[in-house]
Amino acid sequence: MRKTRSLPFVLPPLLWCLLTAVIAHAAPTGESAGADKAGSDAAPAAVSALEYSKKGADTCIKCHDEDSEYPVLDIFKTKHAMKADSRTPFAGLQCEACHGPGVGGALFMEQALRNGSHVGKVRPGEKRPPIINFGPKSDEPVSVQNGMCLQCHQGNHRIEWQGSAHQANDVSCASCHTIHTAHDPVIDRVTQPDVCYKCHLKERADFFKPSNHPVRFGQLGCSDCHAVHGGGTSTLLLRPTLNETCYTCHADKRGPFLWEHPPASEDCTLCHTPHGSIHPALLTKLPPLLCQQCHSQLGHPSVARTTQGLPSGNPSGFLLAGSCTNCHSQVHGSNHPSGVKLMR
Ligand code: HEC
Ligand code: HEC
Ligand code: HEC
Ligand code: HEC
Ligand code: HEC
Ligand code: HEC
Ligand code: HEC
Ligand code: HEC
Ligand code: HEC
Ligand code: HEC
């Protein structure tokens, strides 16, 4: 016997009506919709309980069983199916908490069962087929799809979702999240990048360059630096500034230093790329060019001299030209009493 067959509907009818009404009211009106969770005290609207299937998931899995093409039943292995947690879909409207009022209504249900499908069928008095689908196959605007999720997920990390890069560009929750699976790939560091690369091809190329942040090996995920649901910076960084984001893992670069190197405390990306580079240590350029963007070699005490004692004029006239860092090894700042020239 499958566990999914035994989902009796235990809510007393009055409570059921209320719950139904609350959710129907909160759900499909778009991203601003709704209360924080099912059963909150938002004003109930007069929506008939008949809009929803009386038997919840049992109605749906009559047809969407283990033989159907789409692996619907794997949802029972996820947190969404924890009936003991009153906030979850399966403690309430079940499938229809996300998919919207479904094949409820005796007439429609009969029709659906006779046809073996509800797809494309319009309920009496309605203009469109009842079930909301998600992702590329959906007929609904992204705001309606996301509204279904935001009924329950407005808090936490979604507080800054509205107006964030993904929301503003009509990216749906379902284009990153897979719901009918035991392990949603986007949550897992190892499988996450591939989800992002569906849309972010340039970033994929960067992470395959010889020097890179090791997301390919699951050592860190995109979401260790990015607040994908929205955040303070335009590039969705996890911390209020770029450098703060870097310090979460590279705390030794934070200082305070006795002798600061101003570009390092200002913006790590003056010298580093965040994702990947063809140069070692994620550098944007190699020294000396890297350093010479800001430091002219003229007057440098170690510039090679001609026999007359004048600077040689050779553009790479430094002793050990390529290796500014051979002498100035403390490019991120120095705490040595005599480290003013960042040499120790
Ligand atoms: C009478 C059988 C039957 C019942 C009952 C049924 N479905 Fe379906 N449903 C189908 C068939 C057939 C399809 C089309 C083939 C497919 O995608 O599996 C479908 C498609 C879907 C789709 C994709 C819709 C689309 O427009 O592409 C969703 C989502 C869905 N069903 C959800 C539900 C939910 C939720 C319930 C319960 C409220 C439910 N179904 C009840 C037979 C049924
Ligand atoms: C937490 C929200 C949620 C719940 C609860 C939920 N679904 Fe879904 N369902 C989705 C999303 C999102 C998709 C799009 C594909 C994906 O993410 O897996 C989907 C896809 C589907 C599809 C495939 C449609 C297609 O494009 O072929 C069917 C069928 C379906 N759901 C049926 C059900 C049934 C039956 C239940 C109850 C047993 C259910 N869903 C419960 C969110 C949900
Ligand atoms: C009826 C309320 C409800 C709806 C609707 C709902 N969720 Fe959830 N969701 C929950 C609850 C409750 C949890 C468990 C939270 C926890 O354990 O802290 C959860 C967990 C999750 C998780 C985390 C899963 C994990 O393994 O950690 C994701 C991702 C998620 N939901 C995405 C979605 C998306 C996308 C939709 C819309 C397609 C959606 N949810 C619709 C209530 C809901
Ligand atoms: C750009 C991809 C992307 C989009 C779009 C997206 N998510 Fe997520 N989501 C993630 C990633 C990555 C994680 C895991 C890391 C984290 O928590 O930030 C996650 C985690 C979650 C979690 C579980 C942890 C938590 O933050 O509570 C929930 C719930 C969730 N998302 C809901 C949603 C909802 C609802 C939407 C749509 C409004 C959505 N997500 C849109 C990528 C996305
Ligand atoms: C369905 C396509 C899609 C997916 C999947 C997706 N994104 Fe995006 N992302 C976009 C779009 C569209 C934008 C806004 C336009 C732009 O700036 O490229 C965006 C913007 C961003 C930005 C801000 C860029 C900027 O210039 O401000 C970051 C960071 C980002 N996405 C990271 C991620 C991460 C991390 C993931 C995976 C967890 C992900 N995205 C998954 C489509 C997607
Ligand atoms: C080590 C931290 C870190 C990791 C890991 C990371 N990013 Fe970024 N990402 C950044 C920083 C920092 C920026 C901003 C660069 C800037 O403002 O110049 C950025 C910028 C972006 C942008 C905007 C690019 C642009 O040109 O505007 C996108 C899109 C993006 N990241 C996607 C991703 C994706 C997808 C992943 C995972 C595959 C990822 N990032 C992993 C730090 C990171
Ligand atoms: C979530 C943790 C994390 C964050 C945040 C982070 N890094 Fe890293 N960084 C790593 C890991 C892991 C490595 C791999 C080397 C190692 O094992 O120490 C690394 C390596 C590096 C390297 C050396 C690469 C090489 O090939 O030698 C540089 C440079 C670097 N990070 C710069 C940055 C910058 C700049 C930022 C902010 C945009 C940043 N990191 C944010 C984890 C992080
Ligand atoms: C002025 C240019 C410059 C700036 C700005 C800069 N770095 Fe670096 N960084 C370098 C150079 C050059 C190397 C390679 C050092 C070497 O070859 O010994 C390096 C190496 C690294 C490394 C790997 C070796 C190590 O020392 O652990 C990390 C991690 C790193 N930088 C992080 C950061 C972070 C985080 C920031 C911002 C707070 C930052 N860098 C700002 C020039 C810079
Ligand atoms: C984005 C511009 C920038 C880059 C790139 C840069 N620096 Fe600097 N550097 C500065 C500034 C600004 C100061 C402080 C101004 C001053 O005191 O002359 C400074 C100070 C220094 C000092 C101490 C000077 C003194 O008089 O105390 C040394 C040594 C130094 N940088 C070496 C390097 C090396 C080596 C590199 C390459 C790895 C490098 N810098 C890359 C901007 C830069
Ligand atoms: C052979 C060692 C050596 C190399 C290589 C080297 N420097 Fe220096 N640098 C010095 C010494 C020594 C000083 C002077 C220290 C002092 O006056 O106390 C100095 C001083 C500086 C200063 C401070 C300027 C001033 O007038 O005091 C800057 C900036 C600087 N170097 C940048 C660079 C850059 C950029 C490179 C690579 C293109 C580089 N150095 C390569 C040894 C070196």
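Which protein donors does the iron atom of ligand 9 have? They are His261 and His295, each giving its NE2 atom and lying 2.0 Å from the iron. This is a predicted model. The briefing covers two iron sites, in ligand 9 and ligand 3, and then the surroundings of ligand 4.

**The iron of ligand 9**

- The site of this iron atom is octahedral, with angles of 89 to 179 degrees among its six donor atoms.
- The two histidines link distant parts of the chain, 34 residues apart.
- His261 sits in the loop between α10 (242-247) and α11 (262-266).
- His295 sits in the loop between α12 (289-292) and α13 (324-327).
- His261 has a relative accessible area of 18%, so it is buried, because the cut-off for buried is under 20%.
- His295 has 48% relative accessibility, so it counts as partly exposed.

**The iron of ligand 3**

- His80 and His153 coordinate the iron atom of ligand 3 through their NE2 atoms, at 1.9 to 2.0 Å.
- Six donor atoms surround this iron, and the angles they subtend run from 87 to 179 degrees, so the arrangement is octahedral.
- This pair, too, links distant parts of the chain: His80 and His153 are 73 residues apart.
- His80 belongs to the loop between α2 (57-60) and α3 (95-99).
- His153 belongs to helix α5 (residues 142-153).
- His80 is partly exposed, with a relative accessible area of 26%.
- His153 is partly exposed as well, with a relative accessible area of 37%.

**The shell around ligand 4**

- Ligand 4 is surrounded by 19 residues.
- The closest are His157, Cys173, Cys176, His177 and His229.
- Two of these histidines have a side-chain N or O atom 2.8 Å from a nitrogen atom of ligand 4: His177 and His229.
- Helices α5 and α7 (173-176) each supply at least two residues of the shell.
- The most come from α5, which gives three residues.
- By type, the shell has nine nonpolar residues, nine polar residues and one charged residue.
- Where does ligand 4 lie relative to domain 1 (3-176) and domain 2 (185-224)? Both domains give residues to the shell, so ligand 4 lies between them.

**To recap**

- The iron atoms of ligand 9 and ligand 3 both have octahedral sites.
- Helix α5 appears twice: it holds His153, a donor to the iron of ligand 3, and it gives three residues to the shell around ligand 4.

Conventions: Residues are numbered from 1 along each chain as its sequence is written. Chains are lettered from A and ligands numbered from 1 in the order in which they are written. This is a predicted model: local features need pLDDT of at least 70, side-chain atom pairs count only at pLDDT 80 or more; totals for chains, interfaces and linings use all residues. Side-chain values use heavy atoms; hydrogens and water are left out. Donors are N, O and S atoms within 2.8 Å of the metal (3.2 Å for Na, K and Ca); water is not among the atoms, so sites may look incomplete. Four donors count as tetrahedral if all angles lie between 85 and 135 degrees; four count as square planar and six as octahedral if opposite donors are over 155 degrees apart and all others between 65 and 115; anything else is irregular. Helices (H or I, at least four residues) and strands (E, at least two) are DSSP runs, numbered from the N terminus. Buried means under 20% relative accessible area, exposed over 50%, partly exposed in between (1.4 Å probe, protein chains only). A residue is near a molecule or strand if one of its heavy atoms lies within 4 Å of it. A polar contact is a pair of N or O atoms within 3.5 Å; within protein, one must be able to donate a hydrogen and the other to accept it, and residues adjacent in sequence count only if both atoms are side-chain atoms. Ala, Val, Leu, Ile, Met, Phe, Trp, Tyr, Cys and Pro count as nonpolar, Asp, Glu, Lys and Arg as charged, and the others, Gly among them, as polar. Domain bounds come from an automatic or database domain assignment.
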